[in-house]
Amino acid sequence: MRRVGIIGIENSHTDHFLRHLNEEQRFPGTQVTAIVRGDADRVDQLRSRGPLEVLDTPKDLAGMVDAAIVCSRDGALHPQQAEPLLQAGIPVLIDKPLATTTAEAEALVAGSARAGVQLLSASAVRFTPEISELTARTEQLGPVQAVSVTGPADPESPWAGIFFYGIHTVETALLLAGAADQVPDLDRLTVHQESSAIVATTSVGGVLVTMRFVVPDEHGQVPFHAEVFGRHGSAARDLTLGADYNLPLLTRFMAVVGGEVPQTDGLSLVTPIAVTERIRAQLQQAKERS
């Protein structure tokens, strides 16, 4: 049996992974067997769904599991939670974002390469059916000239600010631009902020990329939305997250761990972090000037 450990049990994604792996048994022979300790009531809630070892630190998972998933809401915690696992030769899925600085993201990628172990991090939004529809239409639209993606994000979020939710918009925009493995022109990245909305623009691979972040309020949040503009036309879709929206990401991780598909290249993992970090820096600079 392949044993999986989870770090960051405060996130509802932990419930998704437990459901898919243990209750629905989507991947026969693979099961969550351990979690790293968090809120006591939350631990009790998760253990009521089946037997789970409760360990004190991520490092304690070494020797107890064959793969691990980092689910912590605060992306700033992800590097310190994942590093000891990678060093122990344990494949790790880091649930968005990989990290909250480019340097830490690069260090994680380098660490996984040194250890010869798989590392995956990706936004679940990129796996929505509408992304596949938009990608399939690019041949009809002609060469892609511009993309625009809108989603919720709050630069004041206690969970790493704009990185929480904002990473979805950034990663999806880079994917639709067809340049997830290319370095954006960060020197040309510009950010404009109003009271409850932020617009960032840059270019990558000759494609103009616009990312809009709308701050949620007590009534809800704006849905994810994407637009692609080609030389011959355009297409737009709301991006819908169904009840199983984390399943494609988990499926990809299981395929990577099983050697069925190659590991994502390091540049694709780091680039969304570099873009989001630059957006955060410009927001901070504007705040300091005001």
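The following exercises, each with a worked solution, concern a predicted model.

Local features in this predicted model need pLDDT of at least 70, side-chain atom pairs count only at pLDDT 80 or more, and totals for chains, interfaces and linings use all residues. Residues are numbered from 1 along each chain as its sequence is written, and side-chain values use heavy atoms, with hydrogens and water left out.

**Exercise 1. The sheet**

Task: Determine the order of the strands in the open sheet of six strands, and identify its edge strands.

Solution. Helices (H or I, at least four residues) and strands (E, at least two) are DSSP runs, numbered from the N terminus. Two strands pair if DSSP finds at least two bridges between them.

1. The order is β8-β9-β10-β7-β11-β12, and the pairing is mixed.
2. The edges are β8 (190-193) and β12 (234-239), each of which pairs on one side only.
3. On average, neighbouring strands of this sheet are turned by 10 degrees against each other, direction ignored.

**Exercise 2. Strand β11 and its partners**

Task: Describe how β11 pairs with β7 and with β12, and state to which faces its side chains point.

Solution.

1. β7 and β11 run antiparallel and are joined by six bridges; A146 stands opposite F229 in β11.
2. Strand β11 (residues 224-230) also pairs with β12 in the antiparallel sense, over six bridges. The bridge partner of H225 in β12 is D238, and E227 stands opposite A236 of β12.
3. Three residues lie between β11 and β12 in the hairpin that they form.
4. Buried denotes a relative accessible area under 20%, exposed one over 50%, and partly exposed the range in between (1.4 Å probe, protein chains only). The side chains along β11 alternate: F224, A226, V228 and G230 are buried and point to one face, whereas H225, E227 and F229 point to the other and are not buried.

**Exercise 3. The surroundings of S148**

Task: Locate S148, decide whether S148 is buried or exposed, and list what S148 touches.

Solution. Contact means heavy atoms within 4.5 Å.

1. S148 belongs to strand β7 (residues 144-152).
2. Its relative accessible area is 5%, so S148 is buried.
3. Leaving aside residues up to four places away in sequence, S148 touches T210, R212, H225, A226, E227 and F229.
4. The side chains of S148 and R212 are joined by a polar contact of 2.3 Å. A polar contact is a pair of N or O atoms within 3.5 Å; within protein, one must be able to donate a hydrogen and the other to accept it, and residues adjacent in sequence count only if both atoms are side-chain atoms.

**Exercise 4. Helices α4 and α8**

Task: Establish how the axes of α4 and α8 are arranged, and which residues make the contact.

Solution. Axes are lines fitted to C-alpha atoms, for helices over the stretch in contact, and angles run from 0 to 180 degrees between N-to-C directions.

1. The axes of helix α4 (residues 102-115) and α8 come within 9 Å and cross at roughly 170 degrees.
2. Therefore α4 is roughly antiparallel to α8; angles under 35 degrees count as roughly parallel, over 145 as roughly antiparallel, 65 to 115 as roughly perpendicular and the rest as oblique.
3. T102, A105, E106 and V109 of α4 meet G266, L269, V270, I273, A274 and E277 of α8.
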